[in-house]
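Subject: Structure handover

Hello,

Here is the structure for you to take over. Please open it first, then read my notes below.

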Amino acid sequence: MPSKPPDDLPVYRLLTGKDDAAFCRRVSEAIELGYVLYGSPALTFNGEYVVAAQALVWPGD
């Protein structure tokens, strides 16, 4: 596995968005690139829909 994320992506990423299939796909795509989950997801309700946040990190050596 490369020592740096591809495409000049940062080592730490926080993905946020509406808690739906598209958000889950974004997290899954980051995992497929080589990122690993960092902590548990966070959820909140904005009055209209549930918003999710998931931190991911690029694994170190």
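Keep in mind that this is a predicted model.

Start with the core. The largest nonpolar core has 8 residues: Leu-15, Phe-23, Val-27, Ala-30, Tyr-35, Ala-52, Leu-56 and Trp-58. Two elements, α1 (21-33) and β3 (50-57), each give two or more residues to this core. Helix α1 gives the most, with 3. A general point fits here: in soluble globular proteins, nonpolar side chains tend to be buried together.

Ala-52 is worth a look. Leaving out residues up to four places away in sequence, Ala-52 touches Leu-15, Thr-16, Gly-17, Asp-19, Phe-23, Ala-42 and Leu-43. Two of these contacts, Leu-15 and Phe-23, are also core members.

Now the surface. Tyr-12, Leu-14 and Tyr-38 form a nonpolar patch there. Together they have about 350 Å² of accessible area. Leu-14 sits in strand β1, which covers residues 12-18. Its relative accessible area is 48%, so Leu-14 counts as partly exposed, not exposed, since exposed needs over 50%.

Last, the backbone. Most residues other than glycine have a negative phi. Which residues in the segment before β1 go the other way? Asp-7 has a positive phi of about 55°, and Asp-8 has one of about 60°. Neither is a glycine. Both lie in the segment before β1. Asp-7 is exposed, at 70% relative accessible area. Asp-8 is exposed too, at 80%.

Best wishes

Key: Residues numbered from 1 in each chain as written. Heavy atoms only, no water. Core = buried A, V, L, I, M, F, W, Y, C linked by side-chain atoms within 4.5 Å. Buried < 20%, exposed > 50% of the residue type's maximum accessible area, 1.4 Å probe, protein only. Helix = DSSP H or I, 4+ residues; strand = E, 2+ residues; numbered from the N terminus. Contact = heavy atoms within 4.5 Å. Patch = residues over 30% accessible without salt bridge, like charges linked within 9 Å, V, L, I, M, F, W, Y side chains within 5 Å. Areas by Shrake-Rupley, 256 points an atom, 1.4 Å probe, with all protein chains shown as cover. Salt bridge = Lys/Arg side-chain N within 4 Å of Asp/Glu carboxyl O.
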